[in-house]
Amino acid sequence: MMLSISSTTLSRILARTSRPATTTSLRGLAMKPREEFEELPPNFSMDSVQPPPHGIGEPEEPDRDPMYYNRKPVTSAHSIDVSKGTISNLDSAAFGPAGSIVHGRYGEVDAAAAATIPLEYLALLRPAAEGVAALREISEASKLSSGTVLVYGASRPAGMTAVQLAVSSGSAVVAVVDGQHSGNDEMVDTIKGLTVEPGFAVAEEYALCKANFRDLVERTVSGDDLTAEGFDSAQFLADFKANLLDYTQNYPDDLPAAVDAEELKFVGKEKDRANFKANITAYLSQFAPGAPPIDPAQLDAIFTVDQYEIFKKKFGIQTTAVISGGDGVTNTDRFAPGEIVAKMIASPEETNSDQSTGDYPFEFSIKNFSPETTPSLKGGPIMGAIIEVTPELSAAAEAVSKAKTLRAKAEALQFLTEGERNAHAAASSVVSLARKAGAPIRTVGGSLPGLDAIQKPTDQDIAAAIDAMAVGDDGTSRLNYFIQVYRAGDFPVYEDYAIHRATEPLAGPRQIVVTK
């Protein structure tokens with residue numbers, strides 16, 4: 001049988017099996033020169049090409065938003081007079097003619113010295129100068145250039161000045177944050193950061209605990225050196241012997257373990273009595289054994305300080321083995337102090353350096369002072385106390401001063417608010433410690449009955465305050481404040497709002513300055 005294929009079918013098969021011819025075309029990317037040029041207009045010249053509106057080579061400035069507000073330049077800065085409820089023209093600083101700076105209270109300020117000081121800082125020049133004057137006066141009265149300085153109202157402008165400048169001069173500062181700001185933890189921590197060890201800062205509420213506050217001040221003055229304080233080897237030994245005899249009496253060796261006898265009694269259902277002994281034995285295995293009887297006379301005669309030192313070394317080895325998981329030699333599951341002492345009484349051990357002294361410099365020794373592992377910082381004698389007069393302290397001191405008898409003073413304090421009583425008590429803690437040390441006391445920001453207020457700051461005090469405010473090349477200064485600025489020059493209503501914020505209760509731990 002023959003297979004016939006039509007020509008049409010054959011052509012389709014050949015078309016599928018044959019490889020089509022490939023054609024490659026190249027496209028050039030070169031610029032094709034134009035042979036025809038457009039003729040220039042008859043009036044064309046180089047002046048016809050205008051430069052861009054922002055100039056050649058200069059960045060283009062975008063058009064300003066018509067609703068954009070341009071701030072006015074600051075020309076003056078004013079503190080708030082809280083007593084009058086207005087901005088202060090005396091505690092202010094303003095730019096004068098030819099770049100001069102004029103202070104409302106002290107007149108023209110050296111422009112070169114104040115070149116790096118913000119104008120808002122110069123509005124606080126009075127409390128800064130008062131803080132400098134207070135430090136100078138207590139230094140002159142005590143005849144000390146450095147020591148321990150007590151400051152009440154450390155978060156106020158003058159108090160903060162005294163804290164920072166006293167620290168920069170090498171003194172230790174004990175700072176107390178008054179009740180208006182003591183509730184702000186961040187401010188208390190900030191004042192702590194301004195002090196340097198051995199100085200410290202506490203809230204007003206801590207200064208109410210007079211004994212605790214006194215102990216902290218004494219530690220600052222004399223240093224916190226515990227290595228040589230109250231060291232008595234005989235007393236250590238006597239305490240150990242008393243505790244050991246009490247232990248042997250309460251937990252004799254006839255008990256299965258050193259536990260209360262009540263725990264050995266069976267308290268449960270009768271069906272559990274059969275398993276009680278096995279259970280209680282497993283339970284008591286975790287406790288130390290009882291102690292054999294010890295004769296007090298032999299203990300006093302034979303167990304000396306040297307023997308106690310050897311015992312302490314054994315206890316140290318046992319403790320180290322338990323903490324470290326065992327040394328392969330020491331039995332960490334059993335340590336019977338009573339048995340060890342009884343054996344040492346029966347056969348006293350010889351003292352040698354390997355047994356009686358530790359391998360570490362900080363290990364406690366019965367016979368010798370432990371070496372000082374960290375330097376003990378001492379603030380030195382109390383130079384004096386600086387009290388910044390707050391409204392609460394002023395009201396309390398005035399009420400108490402009017403009373404003549406002790407009973408009347410107590411009644412006057414009873415009728416004060418809690419804040420006023422706390423301010424009076426905390427400031428009294430500071431004053432009493434300064435008087436006990438015979439150190440001078442000065443008040444800033446006002447006067448208090450029975451205390452000396454600072455004299456008017458001298459020109460040298462003002463210059464020292466300006467120098468402390470100046471910002472150095474590293475961007476830091478020795479005197480810093482927390483300032484909140486209200487730009488009343490741009491928005492006049494800010495002046496009234498700033499006065500309201502400064503005079504409200506618990507105004508906050510910052511100084512409000514109004515600029516115009």
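Here is a short chat about one helix and one sheet in a predicted model.

Colleague: How far apart are the end C-alpha atoms of helix α8?

Modeller: Helix α8 runs over residues 233-250, so that's 18 residues. At 1.5 Å a residue, α8 should span 26 Å. The model agrees with that, because the end C-alpha atoms of α8 are apart by 26 Å.

Colleague: Which residues of α8 are buried, and how wide an arc do they cover?

Modeller: Buried here means under 20% relative accessible area. In α8 that goes for S233, L237, F240, K241, L244 and T248. They sit on the same side of α8, because around the axis they cover an arc of only 100 degrees.

Colleague: And which residues are exposed on the other side of α8?

Modeller: Let's place the two sides. The buried residues of α8 pack against α10 (296-302), α11 (305-324) and α12 (337-346). Over on the other side of α8, the exposed ones are N243, Q249 and N250.

Colleague: Now the open sheet of 6 strands: which strands stand at the edges?

Modeller: Read the order across the sheet, β4-β3-β2-β1-β12-β11, where the pairing is mixed. An edge strand has a single partner strand, so one side of it is left without a neighbour in the sheet. That describes β4 (107-109) and β11 (483-487).

Colleague: Which residue in β4 does I101 stand opposite?

Modeller: Start with strand β3, residues 101-103. This strand runs antiparallel to β4, and 3 bridges join the two. Across from I101, in β4, stands V109.

Note on methods:
Residues are numbered from 1 along each chain as its sequence is written. This is a predicted model: local features need pLDDT of at least 70, side-chain atom pairs count only at pLDDT 80 or more; totals for chains, interfaces and linings use all residues. Side-chain values use heavy atoms; hydrogens and water are left out. Helices (H or I, at least four residues) and strands (E, at least two) are DSSP runs, numbered from the N terminus. The expected span of a helix is 1.5 Å times one less than its number of residues. Buried means under 20% relative accessible area, exposed over 50%, partly exposed in between (1.4 Å probe, protein chains only). The arc is that of the directions from the helix axis to the C-beta atoms. Contact means heavy atoms within 4.5 Å. Two strands pair if DSSP finds at least two bridges between them.
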